[in-house]
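Let's take a walk through this structure together, starting with one helix and moving on to cores and helix packing. Please keep the 3D view open as you read.

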Amino acid sequence: MSFTRRAALASAALLMVAQPVLAAAPAKPAVAAAAKKAHAGSDFVPSAEAIKAHMTFLADDAMEGREAGTRGYDIAANYVAAQYALLGVKPGGDKGGYLQRVPLLAFRPAGEGSVTLTGAPQADGAAAVALKYGEDYLPTAQAQAADLSVEAPLVFVGYGIVDATRGRDDYAGLDVKGKIVVMLTGAPTAIQTEERAHLSSPNTKRAEAAKRGAIGVVTIPTTSGEKRRPFARGVNGMKEWRVTWRDAQDVGAIRAPAAPSLAQISLAGAAKLFAGAPTALDAVLAEAETPQGAVKGFPLTTKLKVALKTEIEKRESSNVVGIIEGSDPTLKAQTVILSAHLDHIGIKENAKPGEDRINNGALDNASGVATLLEVARGFKNTKVRPKRSIVLLALTGEEKGLVGSDYFANNPTVKKADIAADVNLDMPVLLYPFTDVIAFGADRSTVGEAVKHAAARVGVGLSGDPLPEEGLFTRSDHYRFVEQGIPAVFLMTGFQNGGEKAFTTFLKTNYHHPGDDLNQPIDYQAAAKFALVNYEIARELANAPARPVWKKGDFFGAAFAPAGHPSAAK
């Protein structure tokens, strides 16, 4: 079907869907009763029909899976902007509009590159060894250089972790200035899971390497890491595009560019790097598997020469930003952000003839965006205006690595110092009548207390993290606000009343799969209830006398909101 035809159908669908949203049918008695219980003085009762209408449009095949940088995503973004306009929400994007341009940069390896080892003789007596692509190494694409050549001595730095809260510095006693550092992937299991996820991040690790003058990073797996994610699988991913945003100089934005990631080295390749090392690789790997993973670093006797070529492509996308202005003359300058990613993963490649190819993303995350729009309707219709302003933020590029949220967090359309909190809605599993919610990160700041109070007004409980081993606090858009020192939570439906089965079944069968479509048994009354919970959370945060702060001694608060930051622990 031609683009013109698809665009015409999408525009017609937008108009058809908009009408029932504006004249949203009332919710069923259970939801209406919950709304009445939640608060008096407001005429907001969430509409299951309105949420269904939004999801019907956003998860339609015409959106082609809403992949960031595609026309399908752009149609979806314009739909959200149109809904803001219909509701009378103030534009919060660029140039007086709802869209915030997000300039993207896609990059992937252009060929195999070359990685050559010199220094200590190998088992066959050779003084220089060309490592083998796909067996010993996989090249890392570069966002800032189509051609990159680096040659330097190697220093092994263990896990490459620096954590003042635990008195750990894997660089202690090592001189890495002008060197390429070799580090293990991941982090020791004794570290709390969310904190481990942060410390394991390549961005975090490369930043520490750059601070100490390293000029490049190569990684090797642990034995347990190799079992979980075999090196050989990475060969198939070499043709996949990675994505970041472009800065004001039109350069790809990456963390710690002075110490770029150069290559992934396999265990077989690592054996060559460690030829003649003061500690055998087997001993290093054995120590890495202990809970504390107290692996000591040391200079290697080898040098590495790396030459890489990268294919780079510019793309465009947008965040969608609406603002509901607060009523308090002083507090309205502060903002509470409600965020939800609008993008999904697009069209499935290599599908069999007749097989469904479109990843519609109904629950991931048309459901979150539909919730956002229904909450917006609630705030525009309520008789009691919020004191702080509410920013409604539909984000691009979450599936590409939290790209749209990273762009907004670094280039906000509101004053960064006045962003009080972020509540992120990502993949609520609306397949059962939930009775509890999970707010990842709730125990780290006073946002958690607001969530608990607000949910209780609707008769919904707040449960703890049922999946601590996944480190989910660092894995959705709210985390880009955390990195700016802003207290945040990631909200989803809980595991009670059939929730655990619904969630695990969804992950197994439909997550990131064409089956995540509107043929699922979506419970739109549960969706209306979820919207009411989020409305109450936003209202609680917007009207609180004091803005949220990190709890004293919290790891993330200490890392990103030091003394003097508006959200620092009091």
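**From a covered helix to a helix pair**

In helix 12, the buried residues are Val403, Gly404, Ser405, Asp406, Tyr407, Phe408 and Ala409. Keep in mind as you look that this is a predicted model. Helix 12 spans residues 403-410 and is mostly covered, with 7 of its 8 residues buried. What lies over these buried residues? The cover includes strand 2 (99-109), strand 11 (242-245), strand 13 (298-324), strand 14 (335-341), strand 15 (389-395) and helix 14 (478-482).

Next, let's turn to the nonpolar cores. In soluble globular proteins, nonpolar side chains tend to be buried together. The largest nonpolar core here has 83 residues, and those touching the most other members are Met55, Val80, Tyr84, Val320, Leu342, Ile390 and Leu392. Helix 16 (residues 524-543) is the top contributor to this core, giving 13 residues. Try centring your view on Ile390: leaving aside residues up to four places away in sequence, Ile390 touches Gly322, Ile323, Ile324, Val336, Leu338, Phe379, Ala538 and Ala542. A second core, separate from this one, has 47 residues, among them Ala152, Ile161, Ile180 and Ala288.

Helix 16 also has a helical partner to visit. The axes of helix 13 (residues 447-457) and helix 16 come within 8 Å and cross at roughly 130°, which means that helix 13 is oblique to helix 16. The crossing is right-handed. On the helix 13 side, Val447, Ala450, Val451, His453, Ala454, Ala455 and Arg457 meet Val533, Glu536, Ile537, Arg539, Glu540 and Leu541 of helix 16. Sorted by class, this contact has 8 nonpolar, 1 polar and 4 charged residues.

Conventions:
Residues are numbered from 1 along each chain as its sequence is written. This is a predicted model: local features need pLDDT of at least 70, side-chain atom pairs count only at pLDDT 80 or more; totals for chains, interfaces and linings use all residues. Side-chain values use heavy atoms; hydrogens and water are left out. Buried means under 20% relative accessible area, exposed over 50%, partly exposed in between (1.4 Å probe, protein chains only). Helices (H or I, at least four residues) and strands (E, at least two) are DSSP runs, numbered from the N terminus. Contact means heavy atoms within 4.5 Å. A nonpolar core is a set of buried Ala, Val, Leu, Ile, Met, Phe, Trp, Tyr and Cys residues joined through side-chain atoms within 4.5 Å. Axes are lines fitted to C-alpha atoms, for helices over the stretch in contact, and angles run from 0 to 180 degrees between N-to-C directions. Angles under 35 degrees count as roughly parallel, over 145 as roughly antiparallel, 65 to 115 as roughly perpendicular and the rest as oblique. A crossing is left-handed if the near helix is turned anticlockwise from the far one by less than a right angle, and right-handed if clockwise. Ala, Val, Leu, Ile, Met, Phe, Trp, Tyr, Cys and Pro count as nonpolar, Asp, Glu, Lys and Arg as charged, and the others, Gly among them, as polar.
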